[in-house]
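Before going through the model, a reader would like a few points settled. The questions below are taken one at a time.

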Amino acid sequence: MANALAQHKPIDEALPWKTRMRFGRLLIYGPLCVMAALYLMPLWVMVVTSLKPLDEIYGGSFIGLPQTITLDAWRAAWSEACIGTECTGLKPYFANSLLMVIPAVVLSTGIGAINGYILTKWRFPGANLVFGLLLFGCFLPYQAILIPMARTLGLLGLAGSIPGLVFVHVAYGICFTTLFFRNFFVSLPDELTKAAMVDGAGFFRIFWSVILPTSIPIVVVSCIWQFTQIWNDFLFGVSFTSGGNSPMTVALNNIVNVTTGRKQYNVDMAAAMIAAIPTLLVYIVAGRYFVRGLTAGAVKG
Amino acid sequence: MSTLEIDRVRKTYGNLEVLKEVSISIGTGDFLVLLGPSGCGKSTLLNMIAGLENISGGEVRIAGKVVNELSPKDRDIAMVFQSYALYPTMTVRQNIEFGMKIRGISPAQRDKAVRAAADLLQITHLLDRKPSQLSGGQRQRVAMGRAIVRQPKLFLFDEPLSNLDAKLRVDMRTEIKRLHARLGTTIVYVTHDQIEAMTLATRVAVMKGGVVQQLDDPQTVYDRPANVYVAKFVGSPSMNIIPGKIEVEGGSATAIIDMANRQAACIPGIHLSSQAASKYAGRKVLIGIRPEMFSVGNGPAQGAISIEVDVVEPTGPDTLAVFQLGGVEVTARLPPKQVNARASATLAVDRSKVVLFDPDSEELIN
């Protein structure tokens, strides 16, 4: 140890501290830039490929800038590409995804909020056990519930439909949303509820007027989380819907996999971009709440 | 009329009994302080009066009406919490009128009530702020404003001053006392601070382990504590409890305290009922002497105690002298600069205020 220190000393003296600092910065930012470039590469390829005509893709490189910029591939992906035997583009499936994701996010977030509220402010005997079991639900692998869920949907008469898919996502999402809200509400003082009770407010009045307005950050977190999960889900979509009821992700898969003749890379890439844009938008609009809300729950939860 | 009767009230959690048959009764306009250390059940009792906790046994009556089964909003009470519990997303005005809104009071009347309360508490300029923009004292006032507009039969305060700094605590204490004088509403106030209890209360209930040790006016609690626990809990520095014995001669009782290597100290002329005198004559007792009952004596007169001062602690207005007496450490509150550390002194005791306790039960001997 002493030996190592002695060896370092001359170097330390030789370089002024500013130079050493600049060198250190270079060591940090250099690899960071490389990593970022590596990470952004697929996005770059997707964007440029989607803007190229098909001939240019087959003639040139994947990475280079397009010589002629065209939105034809985007148009095709949106309204002309063939999915199975129907050539409708992604448009109707995009609508399916919206019809699925909006009710599913609203319902799962709403139920999670009420669950969290009950589990923290209206505790009942066995509340911890219920919470434990709900937590357990977070760790259930998707595959494990496929067959029982298919049977359940069949019994409910929801098999193959968008409401059925909404049901699956709500049921699966409640574990996560309850966890979010429970951890957030646990940091609110119980006296708040007591004060509202003395003021004459009931169960739902306290929830709406006192508890919910304080929980905007965690509502945003829950919405982003659920939106991303449900929008990006493929397995439930492909398992529990068919044909015209499929969500976006299933249709995208069909576009990419089912092709006749030359593979239309530009259309595939444009379709993938269209599928990714909503989640991207959600993050850009509400991203700062996401970080704030997650840490709020983490610190005090 | 807003009396409060707590009649043999019990609270149990499973097998754990946190309140054992508590009975307290106060009249209209009384200021009851529930005083005790944390875990003595005082906050639980307050929550039971408020209706925030179930009553396991017994009855709570507000203005003669049994409220056991009523929800908090139907009990005609208002409560101020330790953490103030202001609704964080509402402005001060919305906080104060939230309860009235729920009760369906018209906007004009609400506005009038908010103004009146804000005026009284001097928070009119804060009405449009959020709680996060207020200082501790201001939050405290808002919490009180929220309670005042309710015009309840009963105010409940749950350690309302314990989150404030020392200076502000004294100011707010005066404020609460003034408020009580002005509104005349019956108040139940929970605290672990014996000074708050002494200054505010018309009735003090000292609690320990779910049992009321004594229910009296503050001066009686201070002068004639029901047992050793109360004697030590109320007053600062606390009452000296010195082992000794009683000798009765004629009609007069003398307390005798053994000293290690000196002549035993005698405090003659102790007030004792003839019944107690005959029971305790010649027996061991615990002698209770408050620090301020000592004074500097001049020479070896009758009833003077000669001691060796160990430590002196000047507090400004007076000096605390610590010494050994009867095998225990004793504190005396004396005028400044009258005694010195590690020096002998002769002290006299105000015998009219000396209290005696039974050494076994630790109860006051009357």
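**Burial, folds and contacts**

Reader: What percentage of the 301 residues in chain A is buried?

Author: This is a predicted model, in which local features need pLDDT of at least 70, side-chain atom pairs count only at pLDDT 80 or more, and totals for chains, interfaces and linings use all residues. Residues are numbered from 1 along each chain as its sequence is written, while chains are lettered from A and ligands numbered from 1 in the order in which they are written. A residue is buried with 20 or more other C-beta atoms (placed from the backbone) within 10 Å of its own, exposed with 12 or fewer, and partly exposed in between. Of the 301 residues in chain A, the buried share is 35%.

Reader: Is Ile145(A) in helix α7 of chain A buried, exposed or partly exposed?

Author: Helix α7, residues 142-156 of chain A, holds Ile145(A); helices (H or I, at least four residues) and strands (E, at least two) are DSSP runs, numbered from the N terminus. Because 17 other C-beta atoms lie within 10 Å, Ile145(A) is partly exposed.

Reader: What is the radius of gyration of chain A?

Author: Chain A has 14 helices and zero strands. The globule rule (2.2 Å times the number of residues to the power 0.38) gives 19 Å for 301 residues, and chain A is well over that, so it is more spread out than a compact globule. Along the principal axes, its C-alpha atoms fill a box of roughly 75 × 70 × 35 Å. Taken over C-alpha atoms, the radius of gyration of chain A is 26 Å.

Reader: Which element gives the largest share of the side of domain 1 of chain A that touches domain 2 of chain A?

Author: An automatic or database domain assignment divides chain A into domain 1 (2-72) and domain 2 (91-300), with centres 36 Å apart over C-alpha atoms. Their contact (C-beta atoms, placed from the backbone, within 7 Å) takes six residues from domain 1 of chain A and eight from domain 2 of chain A. On the domain 1 side, α2 (17-50) and α3 (54-59) of chain A each supply at least two residues. The largest share, three residues, comes from α2(A).

Reader: Which element gives the largest share of the side of chain A that touches chain B?

Author: Between the chains, 14 residues of chain A are in contact with 17 residues of chain B. On the chain A side, α9 (190-198) and α10 (203-214) of chain A each give two or more residues. The largest share, six residues, comes from α9(A).

Reader: Which helix supplies the largest share of the largest nonpolar core?

Author: A nonpolar core is a set of buried Ala, Val, Leu, Ile, Met, Phe, Trp, Tyr and Cys residues joined through C-beta atoms within 7 Å. The largest has 151 residues, and Met79(B) and Leu156(B) are among those that touch the most other members. Met79(B) has contacts in both chains, including Ala195(A), Val198(A) and Leu156(B). With 14 residues, the largest share of this core comes from helix α8 (residues 162-185) of chain A.

Reader: Which strands stand at the edges of the open sheet of six strands in chain B?

Author: The order in this sheet is β13-β12-β11-β14-β20-β21 (chain B), with antiparallel pairing, where a pair needs at least two bridges found by DSSP. Strands β11 (residues 240-249) and β14 (residues 284-289) of chain B are joined by six bridges. Each edge strand has a single partner strand, so one side is left without a neighbour in the sheet. The edge strands of chain B are β13 (265-270) and β21 (364-365).

Key: Contact = placed C-beta atoms within 7 Å. Lists of a residue's contacts leave out its neighbours within four places in sequence.
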